[in-house]
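Reader: I would like to learn how to read contacts, burial and helix packing from a model such as this one. Could we go through it feature by feature?

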Amino acid sequence: MKVEQISVFLENKAGRLAEVTRVLGEAGVNIRALSLADTTDFGILRLIVDNYALARDVLKSKGFTVGKTEVVAIEVPDRPGGLASVLDILAKAGINVEYMYAFVQHSGKNAVIIFRFDNLDEAIALLQQAGIHIYKGEEVYKL
Amino acid sequence: MIFDIANETLPREDLEALQLRRLQALVERVYHLVPFYRRRLDEAGVKPEDIRSLADLEQLPFTTKQDIRDNYPFGLFAVPMEQIVRIHASSGTTGKPTPVAYTQRDLNTWADLMARTLAAAGVHRGDIVHIAYGYGLFTGGLGFHYGVERLGAAVIPVSGGQTRRQIMLIQDFGPTVLCCTPSFALYLAEVAQEMGVDFRQTKLRVGIFGAEPWSEAMRTEIEARLHLDALDIYGLSEIIGPGVAVECIEAKHGLHLFEDHFLPEIIDPVTLKRLPPGELGELVITTLTKEAFPLIRYRTRDITAIDYAPCICGRTIARIRRIQGRSDDMLIIRGVNVFPSQIEAVLMEIPGVAPHYQLIVDRQGALDTLEVAVEVDEATFSDEVKGLQALAKRIESRIKDYLSVSVKVRLVEPRSIPRSEGKAQRVVDKRKLSA
């Protein structure tokens, strides 16, 4: 139920993001989803890729600091209030969303959203109880 | 064990009386024998007979490395060449080496001091001492060598290099004591591991490590990897070589400085005023007994603090703290003296913070600013912004607590701070660049 996300530390200077994408591209790693959190000094790039281990190895070999985080990919009904209905379930249980970002999907009616929770296992259990579809890791890497 | 009970455990009153007698004799001697000192004292308006108490030491001018260079090669020698039996020199990384000389009596004194040093480290007759300090112009190898012989233990004079062969000798000859630089000790551990040699299987018991600054964290690592007690030794060729100060094995807390031969002072490197015990400053040493190459108030540039409290080992002579850095590197930030090594010490205490950092000093309006660039490694990295910001804040507040200086911590990528083969460039002072 958990998806491996790779996080990369980036200094705020020109060309660093380009460098990450170039390194991944040359290694044949395909980026499935990404988000960038930035501050005045640094940024954190979060990526879902089709080959986590390869992405980690090539980025590390180029001197990037990388981390692994487990996130959840949820199918959210693509209609007004769809996301709100999911977030309500979590809010009632007191589960905090650390961050989230949307997945680019070529087909299918519903949106895929990546979530990072402070309490991952509890969140998964709650969402499953509520009948919300959670993607398996392998599904996400190949979407 | 204390090698020279009489001199290492003197009541302070007696020690100071001895120091004063020797200081007076020294000033008298150099005034008449070394034109450089005569000129300096005349310029300062001090005559040898003005030295009536130890406090009068402050009237005497300082001597610096530059003074030794200006008198290259033999201008500061205080005896004729007929009485000199040995010449050593410091490495001279910045140009010509700095030559120093010894009479036979100086060599005897040095051997005695090194015997004291080794005894303080728990070395005794029956020990086998593996000396991997370089032999030659460098004072390390021969300094230790004569000390071991004076003590009556056995010497293996390996000198530097040939690491694999050294490990073979450590296995086959069974030395109990290892003397080398702390970085070479760690290198030995690495090579031994490659060779499949376990230090637990050797007879090594004690290591005496010096000739470069090292930290408490490094001690822990050396002790764990080499399975011995690691002790810090301090010395410099200008003063005599190794054997100026050493930690005792009983306390491992501060280096006993042989005050009956070397009169220490701690000064503020900017105001040049003497600092009270416990305060961090530059170590200044006056050699009380050296014949061939005496020095008056020599500015070592090494940063430490002095403690006159007697030690549990029984020695009454003062202890200096592990060398914290060099005064050449000192920064003044809004009136506060800051040594890069102090910042380093704070960083090293924070788990996971890589030891690579750089200090960027600047001035905004009339106010100095200090930015600390710290590399983020995998142990400290968090994929959440607040996690990294908390790390930066934690480092900032720790530095503020320790040094009373507000800094801004900037997290940077690994290997983004330039590395160098020799001394790392820890400080970028933009105030100087624009001045």
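Reader: With which side chain does the side chain of Thr103(B) make a polar contact?

Author: Before answering, please keep in mind that this is a predicted model. A polar contact is read from a pair of N or O atoms within 3.5 Å. Here the side chain of Thr103(B) pairs with the side chain of Glu291(B), at 2.7 Å.

Reader: Where is Thr103(B) found, and is Thr103(B) buried or exposed?

Author: Thr103(B) belongs to strand E2 of chain B, which covers residues 98–103. To judge burial, one compares the relative accessible area with a cut-off, and buried means under 20%. Thr103(B) has 3%, so this residue is buried. Setting aside residues within four places in sequence, Thr103(B) is in contact with Val79(B), Gln83(B), Val85(B), Glu291(B) and Ala292(B), and Glu291(B) is also the partner in the polar contact.

Reader: What does Ala101(B) touch, not counting residues up to four places away in sequence?

Author: Ala101(B), which is also found in strand E2 of chain B, touches Phe77(B), Ile84(B), Arg86(B), Ile87(B), Asp106(B), Ala292(B) and Phe293(B) by that count. Ala101(B) has a relative accessible area of 0%, and is therefore buried. As a reminder that position in the chain and position in space are read separately, take Ala101(B) and Glu194(B): they are 93 residues apart along the chain, and their C-alpha atoms are separated by 42 Å.

Reader: Which side chains are joined to that of Glu265(B) by a polar contact of 3.0 Å, and which by one of 2.7 Å?

Author: The contact of 3.0 Å joins Glu265(B) to the side chain of Arg274(B), while the contact of 2.7 Å is made with the side chain of Arg297(B). Glu265(B) lies in strand E10 of chain B, residues 262–267, and because its relative accessibility is 3%, Glu265(B) counts as buried. Beyond its neighbours within four places in sequence, Glu265(B) is in contact with several residues, including Leu57(B), Glu58(B), Glu282(B), Leu283(B), Val284(B) and Thr286(B).

Reader: How many salt bridges does a search of the whole structure find?

Author: For a salt bridge, one looks for a side-chain nitrogen of Lys or Arg within 4 Å of a carboxyl oxygen of Asp or Glu. The search finds 44 over all chains. One of them pairs Lys60(A) with Glu378(B), with the closest N and O atoms 3.2 Å apart. This pair crosses between chains, since Lys60(A) is in helix H2 (residues 52–61) of chain A, and Glu378(B) is in the loop between strand E19 (367–375) and helix H11 (385–403) of chain B. Lys60(A) is partly exposed, at 36% relative accessibility, and Glu378(B) is likewise partly exposed, at 40%.

Reader: Which parts of chain B does the salt bridge of Asp67(B) and Arg40(B) link?

Author: The two side chains meet at 2.8 Å, N to O. Asp67(B) is in helix H4 (residues 65–70) and Arg40(B) in helix H3 (residues 35–44), so that the pair, 27 residues apart, links distant parts of the chain. Asp67(B) counts as buried, at 7% relative accessibility, whereas Arg40(B) counts as partly exposed, at 23%. Salt bridges may also be linked in a network, as is the case for Glu216(B), Arg219(B), Asp232(B), Glu247(B) and Arg322(B).

Reader: At what angle do helix H2 of chain B and H3(B) pack?

Author: Their angle is about 110°, with the axes 5 Å apart. Angles of 65 to 115 degrees count as roughly perpendicular, which means that H2(B) is roughly perpendicular to H3(B). The contact is made by Val27(B), Val30(B), Tyr31(B), His32(B) and Leu33(B) of H2(B), together with Pro35(B), Tyr37(B), Arg38(B), Leu41(B) and Asp42(B) of H3(B). By class, this contact has seven nonpolar, one polar and two charged residues.

Reader: At roughly what angle do the axes of helix H5 and helix H6 of chain B cross?

Author: The axes of H5 (residues 104–120) and H6 (residues 139–151) cross at roughly 75° and come within 7 Å. H5(B) is therefore roughly perpendicular to H6(B). Among the residues in contact are Trp110(B), Met114(B) and Leu118(B) of H5(B), and Phe144(B), Tyr146(B) and Val148(B) of H6(B). The residues of this contact divide into 10 nonpolar, four polar and two charged.

Notes:
Residues are numbered from 1 along each chain as its sequence is written. Chains are lettered from A and ligands numbered from 1 in the order in which they are written. This is a predicted model: local features need pLDDT of at least 70, side-chain atom pairs count only at pLDDT 80 or more; totals for chains, interfaces and linings use all residues. Side-chain values use heavy atoms; hydrogens and water are left out. Axes are lines fitted to C-alpha atoms, for helices over the stretch in contact, and angles run from 0 to 180 degrees between N-to-C directions. Helices (H or I, at least four residues) and strands (E, at least two) are DSSP runs, numbered from the N terminus. Angles under 35 degrees count as roughly parallel, over 145 as roughly antiparallel, 65 to 115 as roughly perpendicular and the rest as oblique. Contact means heavy atoms within 4.5 Å. Ala, Val, Leu, Ile, Met, Phe, Trp, Tyr, Cys and Pro count as nonpolar, Asp, Glu, Lys and Arg as charged, and the others, Gly among them, as polar. Buried means under 20% relative accessible area, exposed over 50%, partly exposed in between (1.4 Å probe, protein chains only). A polar contact is a pair of N or O atoms within 3.5 Å; within protein, one must be able to donate a hydrogen and the other to accept it, and residues adjacent in sequence count only if both atoms are side-chain atoms.
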